[in-house]
Amino acid sequence: MARLLHNRGSQMQHFIISTSDRLHLIIRRVAVFAVCVMFLTVVVQIIARYVFSSPPVWTEDVARYAMVWTGLLGATLSFKTRSDAVLMDSVFPKRPHYLGLLAEAIQSAAVLIFVLPVVYFCFIGLRGGFAKGYLARQSGLTADTLGIPMVWISVAVPLSMIIILIHLFARWAGDDVLDETGTELD
C-alpha cells in the first residue's frame with residue numbers, strides 16, 4: 001500500500017513538473033513572438049513617421065498591447081527559472097537547512113498573497129458575481145484603433161498569474177529548474 005501511494009505521489013510530481021516545463025517552453029515562444037510584434041510595429045511606426053510623415057494609428061496600440069503580453073509572460077518565465085528578484089537567497093542558507101525551508105515558505109506565501117487575489121478578482125467582482133470581475137468588465141470595452149475587445153489584451157493578467165501558480169506548484173513538487181543533464185532550462 002505504501003509503495004502504491006509513493007508511486008502515485010511520484011507520478012503526480014512528474015506530471016506537475018512536466019506540465020510546468022511544457023508551459024514554460026510554450027510561453028517562451030509566445031513571449032518571443034510578442035517581442036517581435038512589438039519591435040516590428042515600432043519599426044513600422046518610425047519609418048512611417050519619419051519617411052512618410054504619416055504613421056498608422058494602430059501601430060502604437062499594437063506595440064503597447066504586445067508589450068503588456070511580453071511583460072506578463074516574461075514574469076512567468078522569470079519565476080520559473082528563478083531569475084526573479086529573490087532577496088532571501090543571500091540571507092538564508094539553502095534547503096534542507098530549516099532556515100532555507102523557512103525562506104521558501106515565506107517566498108511561497110508572498111507569491112500566494114499576491115497572485116491569488118489577482119486571479120480571484122479577474123473572475124469575481126468586489127461584491128461577488130462573475131459579471132463584475134475584471135475580465136467581464138473588459139469584455140464590454142473595445143480598443144478604439146483596433147476595434148477588438150479589450151478582454152483579448154486583459155486575459156494576459158489571469159493567464160500569467162495562473163501559470164505562475166503552476167510553476168509554484170512545480171517548485172513544491174521538487175522542480176529545481178535543472179534538467180537531467182545539469183543544464184539550466186533557459
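The legends below accompany an overview and several close-up views of a predicted model.

**Figure 1. Overview of the predicted chain, built from six helices and zero strands.** Read from the N terminus, the elements follow the order α-α-α-α-α-α. The chain has 186 residues, of which 31% count as buried. Among contacts in the chain with a separation of 6 or more, 62% are made by residues that lie 24 or more positions apart. The chain exposes about 12,000 Å², and carbon and sulfur atoms supply 69% of that area. A search of the whole structure finds four salt bridges, and three of the residues that take part in such pairs, Asp21, Lys80 and Asp175, are linked in a network.

**Figure 2. Close-up of the salt bridge between Lys80 and Asp21.** The side chains of these two residues meet at a distance of 2.7 Å, taken from N to O. Lys80 belongs to helix H2, which covers residues 58-80, whereas Asp21 belongs to helix H1, so the pair ties together parts of the chain that are 59 residues apart in sequence. The two partners can also be described by their exposure: Lys80 counts as buried, at 2% relative accessibility, while Asp21 is partly exposed, with a relative accessible area of 23%. As general background to this view and the next two, side chains of opposite charge can pair when their charged atoms come close.

**Figure 3. Close-up of the salt bridge between Lys80 and Asp175.** In this view the side chain of Lys80 meets that of Asp175, with an N to O distance of 2.2 Å. Lys80 lies in helix H2 and Asp175 in the segment after helix H6 (156-172), so this pair ties together parts that are 95 residues apart in sequence. Asp175 is buried, with a relative accessible area of 9%, and Lys80 is likewise counted as buried, at 2% relative accessibility. Taken with the preceding view, the picture is one of a network of salt bridges that links Asp21, Lys80 and Asp175.

**Figure 4. Close-up of the salt bridge between Arg64 and Asp61.** The closest N and O atoms of this pair are 2.6 Å apart. Both residues lie in helix H2, where Arg64 and Asp61 are separated by three residues, about one turn of the helix. Arg64 counts as partly exposed, at 36% relative accessibility, whereas Asp61 is buried, with a relative accessible area of 10%.

**Figure 5. Close-up of Ser154 and its surroundings, with Ser154 placed in helix H5 (residues 151-154).** The relative accessible area of Ser154 is 4%, and the residue is therefore classed as buried, the limit being under 20%. Its side chain makes a polar contact with the side chain of Gln138, at 3.3 Å. When neighbours within four places in sequence are left aside, Ser154 is in contact with Tyr134, Leu135 and Gln138.

**Figure 6. Close-up of Thr142, which is found in the loop between helix H4 (134-139) and H5.** Thr142 counts as partly exposed, at 47% relative accessibility. Not counting residues up to four places away in sequence, Thr142 touches Gly147, Ile148, Pro149 and Met150. The view may also be used to locate Trp152, which is ten residues from Thr142 in sequence and 9.8 Å from Thr142 in space, C-alpha to C-alpha.

**Figure 7. Close-up of a nonpolar surface patch made by Val42, Ile46 and Tyr50.** The patch has an area of about 320 Å². One of its members, Val42, is found in helix H1, which covers residues 2-51. Val42 is partly exposed, with a relative accessible area of 33%; a patch takes residues with over 30%, so the value for Val42 lies over that cut-off.

**Figure 8. Views of the cysteines Cys36 and Cys122.** The count of disulfides in the model comes to zero, a disulfide being a pair of cysteine sulfur atoms within 2.5 Å. Cys36 is partly exposed, with a relative accessible area of 40%, whereas Cys122 is buried, with a relative accessible area of 4%.

Notes. Residues are numbered from 1 along each chain as its sequence is written. This is a predicted model: local features need pLDDT of at least 70, side-chain atom pairs count only at pLDDT 80 or more; totals for chains, interfaces and linings use all residues. Side-chain values use heavy atoms; hydrogens and water are left out. Patches are made of residues with over 30% relative accessible area and no salt bridge: like charges are joined within 9 Å, nonpolar side chains (Val, Leu, Ile, Met, Phe, Trp, Tyr) within 5 Å. Accessible areas come from the Shrake-Rupley method with a 1.4 Å probe; for residues, only the protein chains shown count as cover. Helices (H or I, at least four residues) and strands (E, at least two) are DSSP runs, numbered from the N terminus. Buried means under 20% relative accessible area, exposed over 50%, partly exposed in between (1.4 Å probe, protein chains only). Contact means heavy atoms within 4.5 Å. A polar contact is a pair of N or O atoms within 3.5 Å; within protein, one must be able to donate a hydrogen and the other to accept it, and residues adjacent in sequence count only if both atoms are side-chain atoms.
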